[in-house]
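User: I'm new to reading protein models, and I'd like a close look at one small part. Could you start there and then walk me outward?

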Amino acid sequence: MRRQQLAAVISILLAAVLAVGSAGPAQAARKNPSANATTYPTSIASLGDSITRGFNANGWYSDWPARSWSTGTDTTVNSHYLRLRKYNSRITAYNDARTGAKMTALAGQASSAVSQKAQYVTILLGANDACTETEGQMTSVASFSAQFKAGMDTLAAQASPPKVLVASIPDIYRLYDVGRTSASARSAWSAYGICQSMLANPQSTDQADVDRRARVRQRVVDYNTQLANVCATYTFCKYDGGAVFGYPFTLSQLSQWDYFHPNSAGQTVLATQTWKAGFWPTS
């Protein structure tokens with residue numbers, strides 16, 4: 001009789017163990033709701049240049065940070081900040097980008113993000129390293145890489161480094177391609193001396209000009225390669241995979257003041273493309 005009772009107890013215990021083992025992740029999550037919960041940052045800092053400052057996004061030659069793809073507050077753009085605020089209403093945003101900045105400025109901007117205790121950082125920087133008055137003034141690839149690494153090292157020095165999303169530099173050759181047939185664009189490029197390394201003599205088909213444009217574009221490609229390679233050495237860094245560089249933007253997404261900087265529609269595209277390539281693409 002005792003053996004039968006013992007066997008019955010063992011049978012009951014075995015059934016209980018099997019039942020727990022077959023509960024599956026869904027039931028486990030119900031017992032512990034935070035088990036699979038996504039953690040969203042409480043602070044975001046954007047590092048970069050005039051693009052991230054929203055320059056000319058809503059007016060004549062001035063910064064419009066409210067329309068920044070990263071930390072803007074304008075709902076038409078739907079920045080990373082606004083997307084994250086849906087999940088964490090306590091999030092704070094800092095725009096540390098500066099109009100005219102080159103990659104050499106990244107370390108200083110990163111220091112600001114560190115002092116702000118940013119838990120999420122976006123970086124879009126490098127267009128000004130290629131968009132210079134002459135081709136010879138472009139930043140060398142080696143210097144660009146070292147400067148980017150210096151900025152990343154600044155962020156990495158913290159006990160808990162932030163998540164860092166690195167956006168690729170836009171394809172400035174496409175800028176030339178979509179604007180070269182527009183008299184307004186050509187006039188603005190010439191009058192304001194915009195990105196002459198690429199945009200000088202936009203209607204010229206001389207081989208020297210064709211070759212120059214190809215070399216400038218290749219420099220941007222090389223910069224993006226360095227962004228990807230250096231970013232990959234940091235566990236907290238994510239490169240956009242060339243999402244910004246590869247996006248086929250149109251003339252209608254550029255400021256009608258300078259035909260260079262993204263307007264509100266262009267900032268919206270940047271926000272969407274980088275978000276999809278980032279840390280929370282399904283949110």
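Which residue in β5 stands opposite V164?

Analyst: It's C237 that stands opposite V164 in β5. Before going on, a word on the model: it is predicted, so local features need pLDDT of at least 70 and side-chain atom pairs count only at pLDDT 80 or more, while totals for chains, interfaces and linings use all residues. Residues are numbered from 1 along each chain as its sequence is written, and side-chain values use heavy atoms, with hydrogens and water left out.

Let's stay with the strands for a moment. Helices (H or I, at least four residues) and strands (E, at least two) are DSSP runs, numbered from the N terminus. Strand β5 covers residues 237-239 and runs parallel to β4, with three bridges joining them. On top of that, β4 (residues 163-166) is joined by four bridges to β3 (residues 120-124), and these two run parallel as well. One of the partners there is K163 in β4, which pairs with Y120. Two strands count as paired if DSSP finds at least two bridges between them.

Back to C237, which has a second role: a disulfide joins C231 to C237, S to S 2.0 Å. (A disulfide here is a pair of cysteine sulfur atoms within 2.5 Å.) The angle about that S-S bond is -115°, and the link is left-handed. C237 counts as buried because its relative accessible area is 11%, and C231 is buried too, at 2%. For the cut-offs, buried means under 20% relative accessible area, exposed over 50%, and partly exposed in between, using a 1.4 Å probe and protein chains only.

Now follow C231 into its helix. C231 is one of the α10 residues that meet α6, along with R219, D222, Y223, Q226, L227 and V230, and on the α6 side you'll find V141, F144, S145, F148 and K149. Contact means heavy atoms within 4.5 Å. The residues of this contact divide into seven nonpolar, two polar and three charged. (Ala, Val, Leu, Ile, Met, Phe, Trp, Tyr, Cys and Pro count as nonpolar, Asp, Glu, Lys and Arg as charged, and the others, Gly among them, as polar.) Helices α6 (residues 141-156) and α10 (residues 207-231) pack at an angle of about 35°, with their axes 10 Å apart. Those axes are lines fitted to C-alpha atoms, for helices over the stretch in contact, and angles run from 0 to 180 degrees between N-to-C directions.

What about other disulfides? The structure holds two, and C131 with C195 makes up a pair whose sulfur atoms are 2.1 Å apart. This pair links distant parts of the chain, 64 residues apart: C131 sits in the loop between α5 (127-130) and α6, and C195 in the loop between α8 (183-191) and α9 (196-199). Both C131 and C195 are buried, and their link is left-handed, with -70° about the S-S bond. Number the bonded cysteines in sequence order and the pairing reads 1-2, 3-4.

Finally, zoom out. The protein has twelve helices and five strands, and 47% of its 283 residues count as buried. Of the contacts with a separation of 6 or more, 71% come from residues 24 or more positions apart.
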